[in-house]
Amino acid sequence: MKIHTIAATVHGRFVVRPGPPERLLIGFHGFAETAEIHIEELLKIEGVDVWTVASVQALHPFYTGRSQQIVANWMTSQDRELAIADNIAYVRSVVESFHEQQKVVFAGFSQGVAMAYRAASDFKKAAGLMVLGGDLPPDVISNIPPILLGRGVRDDWYNDEKFKKDLKFLQSVTNVETCVFEGGHEWSDAFRTAAAKFLKGRL
């Protein structure tokens, strides 16, 4: 047997909380989450009312557990390079659907961190990047804007070894702020406080 791949058109979805058109905060959710779950976390950040806030949902929805709730996944290792290209093109279209912004900040949680890195690097003129609980993908090596890097001390997924490895590289290519807090693989008030400060510095 021979494996073939072929391009196909699918529709992605994203949710938006309108705000000042000159500033866009755009985020990417974690595994088995939705755009709605992610935007609720972003909207808890103090001072975010001065930004248009958008949350992009991954292109691969599925049902989870007995509740049959619809959630989504960004990608798997199957046809990895094609999936990365598809996701970058998708997010590029989302960003382009807004009027040109003066300031764009990207954010990601867990599995969405890799997408946030890729989106910020592809955009090339991002004002900032906020990532929590996820590591830097090996395909992102340049065009990384100033970054807020966060993890919980009890996070077994994005552990201290991964955090220190990413931090060492990122400090060599961009300005880095860190937030290490008491907690696990989760959003926290400490990270939201750091995010509020970081966003204020991007105004």
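**Group meeting: a sheet, its helices and two pockets**

Let's start inside the sheet: Phe106 stands opposite Leu129 in strand E7. This is a predicted model, in which local features need pLDDT of at least 70 and side-chain atom pairs count only at pLDDT 80 or more, while totals for chains, interfaces and linings use all residues. Residues are numbered from 1 along each chain as its sequence is written, and side-chain values use heavy atoms, with hydrogens and water left out.

Some terms now. Helices (H or I, at least four residues) and strands (E, at least two) are DSSP runs, numbered from the N terminus. Two strands pair if DSSP finds at least two bridges between them.

Back to E7. Strands E6 and E7 run parallel, joined by five bridges. Is E7 buried or exposed? Five of its five residues are buried, so E7 is largely enclosed by the rest of the structure. Buried means under 20% relative accessible area; exposed means over 50%, and partly exposed lies in between (1.4 Å probe, protein chains only). Both faces of E7 are covered. Gly128, Met130 and Leu132 are on one side, with Leu129 and Val131 on the other.

Now the whole sheet. It is open, has seven strands and shows mixed pairing. The order is E1-E3-E2-E6-E7-E8-E9. Which strands stand at the edges? They are E1 (14-17) and E9 (176-181). Each has a single partner strand, so one side of each is left without a neighbour in the sheet. On average, neighbouring strands are turned by 15° against each other, direction ignored.

Look at E2 (residues 23-28) and E3 (residues 52-56). Five bridges join these parallel strands. Gly27 has Ser55 in E3 as its bridge partner. Helix H1 (residues 35-42) packs on the sheet. H1 touches E1, E2, E3 and E6 (103-109), and its direction makes about 145° with that of E3. Contact means heavy atoms within 4.5 Å. Axes are lines fitted to C-alpha atoms, for helices over the stretch in contact, and angles run from 0 to 180 degrees between N-to-C directions.

Next, helix H3 (residues 112-123). H3 lies across E2, E6, E7 (128-132) and E8 (147-152). H3 runs at about 160° to E6.

On to the pockets. Rolling a probe the size of a water molecule over the atoms shows where empty space is left. On a 1 Å grid over the protein atoms alone, a pocket is an open set of points where a 1.4 Å probe fits, with protein on both sides within 12 Å along at least five of seven lines; lining residues have an atom within 4 Å of a point. Grid points are joined across faces, edges and corners, and a volume is the space filled by probe spheres set on the points.

The largest pocket has a volume of about 570 Å³. Its lining has 21 residues, and Ala8, His60, Leu82, Ala83 and Asp86 lie nearest its centre. Which helix gives the largest share of that lining? Helix H2 (residues 80-96) does, with six residues.

The second largest pocket holds about 390 Å³. Its lining has 19 residues. Closest to its centre are Ser110, Gln111, Ala114, Asp135 and Trp157. H3 gives the largest share of this lining, four residues.

Two single residues to finish. Asn87 is found in H2. Asn87 is buried, at a relative accessible area of 2%. Lys200 is in helix H5 (residues 189-200). Lys200 counts as exposed, at 64% relative accessibility.
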